[in-house]
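Biologist: I'd like to learn how to read a model like this one. Could we start with its aromatic side chains?

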Amino acid sequence: MSDVRHVLVLPDRDAAEEVAQALVDRFGIREEPLLVRDALAGEDDAEDAQWLVVLRDEEGRFEAAELDAFAAEWEGWREEP
């Protein structure tokens, strides 16, 4: 098994929470994704933060294009490793 992780970048916390739930609902993942606040450099305001959804994928279930399209539904994107 490999330690493959996908990182989806979302514009705000609400979108990140919706994406995390949608990953569970739509793809049936067993482990809930990790949500991480990523403050932009030099910004103190919580409104100026992006949110990351970290998804473990040891089995290699997810295709890059599939996750790109999925994140785009919430105006987000998949970060390349």
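Modeller: Gladly! Phe27, Phe62, Phe70 and Trp74 form one aromatic cluster. Rings of Phe, Tyr and Trp (its six-membered ring) pair if their centres lie within 6.5 Å; planes under 30 degrees apart are stacked, over 60 edge-to-face, and the rest tilted. Keep in mind that this is a predicted model, where local features need pLDDT of at least 70, side-chain atom pairs count only at pLDDT 80 or more, and totals for chains, interfaces and linings use all residues. Residues are numbered from 1 along each chain as its sequence is written, and side-chain values use heavy atoms, leaving out hydrogens and water.

Biologist: How are the planes of phenylalanine 27 and phenylalanine 62 arranged, edge-to-face or stacked?

Modeller: Phenylalanine 27 and phenylalanine 62 are edge-to-face, 5.3 Å centre to centre with 90 degrees between the planes. The pair links distant parts of the chain, 35 residues apart: phenylalanine 27 sits in helix H1 and phenylalanine 62 in the loop between E3 and H2. Helices (H or I, at least four residues) and strands (E, at least two) are DSSP runs, numbered from the N terminus. Both phenylalanine 27 and phenylalanine 62 are buried, meaning under 20% relative accessible area with a 1.4 Å probe, protein chains only.

Biologist: Which residues of helix H2 are buried?

Modeller: A general idea helps: an α-helix has 3.6 residues a turn, so residues three or four places apart point the same way. In helix H2 (residues 64–72), Leu67, Phe70 and Ala71 are buried. Seen down the axis of H2, these buried residues fall within an arc of 95 degrees (taken from the directions from the helix axis to the C-beta atoms), so they line one face of the helix.

Biologist: What do the buried residues of H2 pack against?

Modeller: They pack against strand E1 (5–10), helix H1 (13–27), E3 and strand E4 (77–79), with contact meaning heavy atoms within 4.5 Å.

Notes: Buried < 20%, exposed > 50% of the residue type's maximum accessible area, 1.4 Å probe, protein only.
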